[in-house]
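Thank you for making time this morning. Let me put the model on the screen, and then I will walk you through its interior, its cysteines and one part of its surface.

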Amino acid sequence: MIIDTKDVKNEELYKLLIGSVLPRPIAWVGTLDKKGIPNLAPFSFFNIASVNPPVVSISILNKLVGVKKDTLINIQNTEVFSISIVSHDLVEKMAITGKDYELDVDEFKVAGVSCLPCEKIASVYVGESKVTFECRLHSIVDFGDVEKAGNLVLANVVAIHVDDNIIEWPNIDILKLDAVARASGPYYSTIRDKFLINN
């Protein structure tokens, strides 16, 4: 089967992409709005873009035509945010924050997770997360104002919080981190199965 992307409906294309690019790590993004109200939301279009300098990438899709998500608006206004890695013990709380809330709702409180101040930037993060990146905005690539158009956010990592119990410097134990990834449809996956290839 060969699929011409121009001939596929938007929702079908979305399902083809998320069902093929697997597993996708989850960026649990903490921001503050102009009034200082915390916002917390998960995004699975997330990866490392560079090591030197350390840069991460998140793509935040528009909700509707011309309607940006609160997280993107906050990042554009403050130019800082946190990314907390979602371990398996936090996955249900993370899922709660994926719902669409009003602007003045603090998702940290709704999910029942700690909202802690970052060390290097004026933002907040999930205190229970075993790994958190403090990020300063580098740039945003806007792919348009249509529904589900992406906004590729590139950010410099200025600090990394790591739980002492999961690291033997500088290696993070992936089984102790027990990170959760997004799969297709309603499914998630873990990295509890690892194997080695000797080259």
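Let me begin with a question: is Cys-115 buried, partly exposed or exposed? Cys-115 is partly exposed, with a relative accessible area of 29%, where buried means under 20% relative accessible area, exposed over 50%, and partly exposed in between, with a 1.4 Å probe and protein chains only.

Before going further, a word on the basis: this is a predicted model, in which local features need pLDDT of at least 70 and side-chain atom pairs count only at pLDDT 80 or more, while totals for chains, interfaces and linings use all residues. Residues are numbered from 1 along each chain as its sequence is written, and side-chain values use heavy atoms, with hydrogens and water left out.

To stay with the cysteines, the structure holds 0 disulfides, a disulfide being a pair of cysteine sulfur atoms within 2.5 Å. For Cys-115, the nearest cysteine sulfur belongs to Cys-118, 8.8 Å away. Cys-118 in turn counts as buried, at 10% relative accessibility, and its sulfur makes no bond because the closest cysteine sulfur, in Cys-135, is too far off at 8.6 Å.

Now to the interior. The largest nonpolar core (buried Ala, Val, Leu, Ile, Met, Phe, Trp, Tyr and Cys residues joined through side-chain atoms within 4.5 Å) has 23 residues, of which Ile-58, Phe-81, Ile-83 and Phe-133 touch the most other members. At least two residues each come from several elements, including helix H2 (70–78), strand E6 (80–85) and strand E10 (151–162), while E9 gives the most, with 4 residues; these are DSSP runs numbered from the N terminus, helices being H or I of at least four residues and strands E of at least two.

Phe-81 deserves a closer look: leaving aside residues up to four places away in sequence, its contacts include Ile-58, Ile-75, Ser-123, Phe-133 and Val-153, contact meaning heavy atoms within 4.5 Å. Apart from this core lies another, of 14 residues, among them Ile-26, Leu-32, Val-113 and Val-124.

Ser-123 sits in the loop between strand E7 (115–117) and strand E8 (124–126), yet Ser-123 is buried, with a relative accessible area of 4%. Among the residues that Ser-123 touches, beyond four places in sequence, are Leu-32, Phe-81 and Cys-118.

Finally, on the outside, Leu-16 is found in helix H1 (residues 10–18) and is partly exposed, with a relative accessible area of 38%.
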